[in-house]
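Open the model in your viewer and keep a selection tool ready. The stops below go from the whole chain to single residues and back.

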Amino acid sequence: GRLQIQTASFAFNGRFSQRLVRDDADSIRDLYVSNGFRDAKVDPQIENDYRNKKGHLFVTFRIDEGVQTRVASLKIEGNRAISTAELMSVIGSTVGQPYSADDVASDRNNVLALYFNQGFTNASFQEEVVPVAAPRVQPASGGESKASADADGSTSAGAAAGSDRVNLVYHITEGRQVEVANVLLTGYQYTKPAIIKKQVQIHPGGPLRERDVAETQRRLYNLGVFTRVQIAPQNPAGADPNKVIVVDATEGQRYTVGYGFGFEVQQIGASCNSTTTSNNNVITTCNPNATEIAASPRGIFEISRANMFGRAQTLSFKVRASTLEYRSALSYTAANFLSDSSLSAVLTGFAEKTQDISTFTSTRYEGAAQLVETLKPSSSLLYRYFYRRVEASNLNDTINPEEIPLLSQPTLVSGVGITYARDRRDNPGDSRRGTFNTADVSVASTKLGSSASFFRGFFQNSSFTPFGRAFVFARSVRFGVEEPLANTVEGNTKFDPGQCTGTVTIPIQELIPLPERFFAGGGTSLRGFALNQAGPRDPCSGFPVGGLALLAFNQELRFPMRLPYIGNRLGGTLFYDGGNVYTDFNHINFNWRPPSTTVQVPPQGTVTVTQLNYFSHTIGFGLRYGTPVGPVRVDFGYQLNPPQYQFYNEGAQAFQYLRLPHFSFSFNIGPVF
């Protein structure tokens, strides 16, 4: 596990250089020395053209361990304020343990940490290492030999430096204990003194404890306001043991500006096209199965103001814009909410306009109040209240507004939610090991001003497992469900062909708003579909309308590649994606083909209506190129079981059938999950 050189593996020639071999030999020897083998030797040997294969190398590390040195006795001198028993609890070089300079250095740090934590800021530690004499071999009668040593086991004249036992003596000079007389705050300019005092853990009347100093620095840095925090006694060389402790906190810049430019490419569903004839007749042509490659430049700008009102709170504004999406957010963050370092309060204003779903354009305005509780460094809870206005526009050409009347109206969604997240990944941008789990539940209610009442839950479990030299198996399960509550119903799910021809009008019913439904498909979910093209479709126009349930499985086998000019920066991926968006929870299934029914449409005869509630299977291959902001990914997916569905062609005045394409393509920056 300490070696830097690597053996060859699939699509990887290994890693080798003479310097790496020398470094690895030193690393092996250091490991032995730290375990008491002071005379260990490591001899690296390299065999060229191994087994008569030109360019193949075989590296051997031949190790001569030598004799392991152990501790024969340990004595502690000079301690008065701290008992020997308490010191022994942090000392590792006890009798019988291997001896090494690294272990002694660790003992020194642990002992001094105890003294510093009791206010002995000038305590010192000095070790004495005395080799134990090797037994003297004397001739005995009968040609035999016998061993003898000094009665006390101490060093005899001429003791060998390579003795396998040593006596340790730790000499401690405690010095004078420093007491805190007062705490002086200095260095700050805008921050309110009361904010700093709440974080200072050093209190007058007690010793200057090192842990209090470290905790004070940690808390002040966590405010995100100070770039340097120095804590030291005033007049440290003075004879008076009662010291004034100076906390010098230097503030950083209050304004931060960031900007960036990029480029995005997505395979999205094509929408309808309307043309006007010479007779002023409007002819609308729709192909819900068509997709197009949408490319757009992207710009990002953000500005933040730290230490608002001198209270270590932050105001930030972020905006991201492209031809496919416009998004802006204004947030106000108060860390250490209610003087609790584990709590943060966040007020957020959000505006977004997206047209990455061919069915509609979504416009959203949202305000939210959130309370974030940090449980552990890897896990947290988020409590929130949200209020948003959502509008689905451009519905006329792609979806029958009579089928889902509420979806074409501005909708208010108001409710409360809670999110739990635990992130143990080594690198969220490009993970190689670890796990990621999240659970989010929320309730929107008409009693809180919402246009619809519904429950929403979303759960994700992901894991990343490395094996071999450079292989990673990554997997993820995502499950989401929405359930109408109170007077909010799913509507008339029974298809009436008359609604497509205009002969039947369906009564208005309340539904879960279209932009609030689950959508899937694309480079970050199910790669067998174009962007947001999975799941149920409008039986008249054939365009996706989302669903109230989502189930998605993603598995990836990532492996290195070596190509000319590029080297091994380019990696490959074999993946399998399974799942779909379903009409509701009761329609979740693992069927290979979606169920269908036959209805009568005079005078055409019968029409086969497909609900598209099925489990899709996609296999594919991808390329990954590592960058500091995450991998650049190009994925090619092949859906094994794309379904057939119907739509009403107004030009032909008849129902037609289309099958989803087998192939799909996506280009993204960042991980899939």
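Of the 673 residues of the protein chain, 40% count as buried, where buried means under 20% relative accessible area, exposed over 50%, and partly exposed in between (1.4 Å probe, protein chains only). The model is a predicted one, in which local features need pLDDT of at least 70 and side-chain atom pairs count only at pLDDT 80 or more, while totals for chains, interfaces and linings use all residues. Residues are numbered from 1 along each chain as its sequence is written, and side-chain values use heavy atoms, with hydrogens and water left out.

**Whole chain**

Select the protein chain and show it as a cartoon. It has six helices and 32 strands; helices (H or I, at least four residues) and strands (E, at least two) are DSSP runs, numbered from the N terminus. Switch to a surface: the chain exposes about 34500 Å², and carbon and sulfur atoms supply 53% of that area. Accessible areas come from the Shrake-Rupley method with a 1.4 Å probe, and for residues only the protein chains shown count as cover. Among contacts with a separation of 6 or more, 62% are between residues 24 or more positions apart; contact means heavy atoms within 4.5 Å.

**First sheet: β3, β7 and β4**

Select β3 (70-77), β7 (165-173) and β4 (124-131). These three strands form an open sheet in the order β3-β7-β4, with mixed pairing. The edge strands are β3 and β4, each pairing on one side only. On average, neighbouring strands here are turned by 20 degrees against each other, direction ignored. Two strands pair if DSSP finds at least two bridges between them; β3 and β7 have seven bridges and run parallel. To find one of these bridges, pick R70, whose partner in β7 is R165.

Now add helix α3 (residues 101-117), which lies across β4 and β7 and runs at about 150 degrees to β4. Axes are lines fitted to C-alpha atoms, for helices over the stretch in contact, and angles run from 0 to 180 degrees between N-to-C directions.

**N79**

Follow the chain out of β3 to N79, in the loop between β3 and α2 (84-88). Is N79 buried or exposed? N79 is buried, because its relative accessible area is 17%. Show its side chain: a polar atom there lies 3.0 Å from the backbone oxygen of I82. The side chains of N79 and T84 are joined by a polar contact of 3.2 Å. A polar contact is a pair of N or O atoms within 3.5 Å; within protein, one must be able to donate a hydrogen and the other to accept it, and residues adjacent in sequence count only if both atoms are side-chain atoms. Leaving aside neighbours within four places in sequence, N79 is in contact with T84, L87, Y115, I172 and E174.

**Second sheet: β8, β10 and β9**

Next select 179-186 (β8) and 226-233 (β9), then 242-251 (β10). They make an open sheet of three strands in the order β8-β10-β9, with mixed pairing. β8 and β9 are the edge strands, and each pairs on one side only. Neighbouring strands of this sheet are turned by 15 degrees against each other on average, direction ignored. Seven bridges join β9 and β10 in the antiparallel sense; in one of them, R228 has T250 of β10 as its partner. Helix α5 (residues 210-222) lies across β9 and β10, at about 160 degrees to β9.

**I418**

Move to strand β20 (residues 411-423), which contains I418. I418 counts as partly exposed because its relative accessible area is 31%. Its C-alpha atom is separated by 6.4 Å from that of S442, 24 residues apart along the chain. Beyond neighbours within four places in sequence, the contacts of I418 include L381, Y383 and V441.

**Strands β25, β28 and β29**

Select β25 (residues 570-582) and β28 (residues 616-625), which pair antiparallel over ten bridges. L574 has F621 as its bridge partner in β28. Then add β29 (residues 632-639), joined to β28 by eight bridges, also antiparallel. Here G622 stands opposite D635. The hairpin of β28 and β29 has six residues between the strands, and G630 takes a positive phi near 120 degrees.

**Confidence**

Finally, colour by pLDDT, the predictor's confidence in each residue, from 0 to 100. The chain averages 84, and 82% of the residues score at least 70. Among its elements, β6 (residues 145-148) has the lowest mean pLDDT, 42, and β21 (residues 434-444) the highest, 97. Over residues 140-161 the pLDDT is below 50, and beyond near neighbours in sequence this stretch has 28 contacts in the model. Where pLDDT is low, the predicted coordinates should not be read in detail.
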